[in-house]
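Hi,

Here is the model I promised to pass on. Have a look at the sequence and structure below, and then I'll go through what turned up.

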Amino acid sequence: MKPNRLAGRPFHRSLSAVLLVLASCTPRGPADVVVPPSPPPVPPPVQDVPWDVLLVNGRLVDGTGNPWRYADVALSGDRIAAILPPGLADRALAREVLDVSGTVVAPGFIDLNGQGDEGLLRDGDETERRRRNEWTRFGAWLEEMEAGGVSVNVGSFIGGTTVRRYAMGLREGRPDPVELDTMRAVTRRAMEEGALGVATALIYPPGAYAGTDELVAVAREVARHGGIYISHIRSESSGLLTALAEAVEIGSRSGAPVEIYHLKAAGVDNWALQDQAIDLIDRARARGVDIQAAMYPYTAASTSLQACLPPWTSADGLLQENLRNPDTRARIIAEMSAPPEGWENWCALSTPAGAMMVGLSSANRELTGHTLAELAEMRGTPWAEAVLDLLVEEGNVGMVYFAMSEENVEELLTLPWMKFGSDSGVHDPKNATGMTHPRGYGTYPRILGRYVRDEGVLPLEEAVRKMTSAVADRVGLEARGLLREGWYADVVVFDPATIAEVATFTEPHQLSRGVRHLFVNGEGVIREGRFTGASPGRFLRGPGAREP
């Protein structure tokens, strides 16, 4: 291990998250950046008695990073009513007393990189009616989640790809002035409806077609509303340093705080770049650029099979036509088989032997769990040709790509500006089919079990801080992310001796263990390790939101 550089529906991600961010920083930069008005003050501590729940005898890890201490925590309504030294709370004042001896009481974890999307929406005709009539604006689908009932709090960035497609469709090239003005307007309206910022994905078409100047213009709108620019940068492999430099430039020119999604160095030939990437971020921060990052604690990524194709293949919506055209097909295969120039080829980064198929239709379900190398052998064709054939058949395929270093993962976990996110959708193991990346079930228990308890890579208090207050501060959430009197009662209770990931790459649909209780806005969503069916989640809006 490298030296420590510090010296609605059941929510089945890790049975501990209280906020799924789907897709206190003052912006720096141009003089025209307008900082939004200060938010209302945090409400005073709740004095109402009797308390709804009193948690006694637990070890309090409050989210600040400070050392744990014993304390009793009282919940009243949707707030934390009192935090008292152990034994001083009058138990007669509580409707329910829970003895949580031997457990940790912490703020609910916040997933900075969730991909829940429609997985958290209730089914039914009412949902369909609302979707048809109201999904012409950013906030509608999140309002629908809240109205229909959702077990966790939800918040979202607006997708940079959504912004670009609205103005330009799938066309390559630079936007004209009218198109760029449309992008600014769409972003501005989304921020006013509660978006936390804009999230770009610069390896996927059509996001890959966006230039730096265009991204700066959009990010300036975000900065004016107190949001952040968060990005799956243009390269996580051989072009990692150039891609990070672009992110720094966007932050510097726009005034928007910059967040890097799932920072990594992918591909064995690129693992050594990670230290240079960390130094690049540290140097940028030293000169005043507000840039931070998030990660998931795995050596495998997960995205689609189309991530092995050059971005131009999807321009103007012509992917399937290009896959069938013999001349174009030959060009695609040649580019897939050569060292990529200016694009990310995940099949090459993982090698075909490290690229596992997990999301297929029923027609090809027997391929689930097999690698692309095995696919090529089964079909008796070169791997690149087998990939194109499969894309013609399937449209797209969910993949897991083994491409990162365990040593690098451990180093990233220790960085002071690092936070955590699953980069996963929402799954219910009772009806899940096929396979998926285990991060959808195990991200937070894996960190707390393997990297905190078993390997001592980082302290418990620091891990919890990176799961809670560090994220809440970053996206501008008020009165969340810490255990404090008067703050919202988002509370997780877990056993530090048993918390662990159970999901694996071959058997992913398994719930983690060790979480005893989970309260969201004061209501029990997990009680004694079991989902209650409660749906107290809310749509949490960004700091630039107007009153709904």
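Let me start with W68, which counts as partly exposed because its relative accessibility is 33%; on this scale buried is under 20% relative accessible area, exposed is over 50%, and partly exposed is in between, using a 1.4 Å probe and protein chains only. Before the rest, the ground rules: this is a predicted model, in which local features need pLDDT of at least 70 and side-chain atom pairs count only at pLDDT 80 or more, while totals for chains, interfaces and linings use all residues. Residues are numbered from 1 along each chain as its sequence is written, and side-chain values use heavy atoms, with hydrogens and water left out.

**Rings**

Searching the whole structure gives six aromatic pairs; rings of Phe, Tyr and Trp (its six-membered ring) pair if their centres lie within 6.5 Å, with planes under 30 degrees apart called stacked, over 60 edge-to-face and the rest tilted. W68 and Y70 form an edge-to-face pair, because their planes are at 85° with the ring centres 4.9 Å apart. Y70 is partly exposed too, with 47% relative accessibility. F109 and Y444 are stacked instead, since their planes are at 25° and the centres 5.7 Å apart. That pair ties together parts 335 residues apart in sequence, because F109 is in strand β7 (residues 109-114) and Y444 in helix α14 (residues 439-454). (Helices, H or I of at least four residues, and strands, E of at least two, are DSSP runs numbered from the N terminus.) Both rings are out of sight: F109 is buried at 1% relative accessible area, and Y444 is buried at 0%. F494 joins F109 and Y444 in a cluster linked by ring pairs.

Two arginines sit over rings as well (NZ of Lys or CZ of Arg within 6 Å of the ring centre and within 35 degrees of the ring normal). R59 lies over the face of W68, 4.9 Å from the ring centre, and R79 has its charged end over the ring of Y488, at 3.8 Å from the centre.

**Cores**

The largest nonpolar core holds 85 residues, and L448 and F494 have the most contacts inside it. Such a core is a set of buried Ala, Val, Leu, Ile, Met, Phe, Trp, Tyr and Cys residues joined through side-chain atoms within 4.5 Å. Helix α5 (residues 212-224) supplies the largest share of this core, with seven residues. There is also a second, separate core of 35 residues, with L375, A386, L390 and A403 among them. As for F494, leaving out residues up to four places away in sequence, its contacts (heavy atoms within 4.5 Å) include F109, L448, L460 and I499.

**Helices α5 and α6**

Why call α5 largely enclosed by the rest of the structure? Ten of its 13 residues are buried, so that is how it comes out. Those buried residues pack against α3 (160-168), α4 (177-192), β10 (197-201), β11 and α6. The end C-alpha atoms of α5 are 18 Å apart, which agrees with the 18 Å expected for 13 residues at 1.5 Å a residue; the expected span is 1.5 Å times one less than the number of residues. After α5 comes G226, with a positive phi near 75°.

Helix α6 (residues 240-254) also agrees with its expected span, because 15 residues should cover 21 Å and its end C-alpha atoms are 21 Å apart. The buried residues of α6 include L240, L244, V248 and I250, and their cover includes α5, β11, β12, α7 (273-286) and β13 (291-295). Just after α6, G255 has a positive phi of about 85°.

**The sheet**

Six strands make an open parallel sheet, ordered β9-β10-β11-β12-β13-β17; strands pair if DSSP finds at least two bridges between them. β9 (158-159) and β17 (418-420) are at the edges with a single partner strand each, so one side of each has no neighbour in the sheet. Further in, β11 (residues 228-232) and β12 (residues 258-260) run parallel and are joined by three bridges, with Y229 opposite V258 in β12.

**One loop residue**

L309 is in the loop between β14 (300-304) and α8 (319-324), yet counts as buried because its relative accessibility is 5%. Leaving aside neighbours within four places in sequence, L309 touches residues including L319, L323, W343 and L388. L309 and W346 are 37 residues apart in sequence, with 8.6 Å between their C-alpha atoms.

Over to you!
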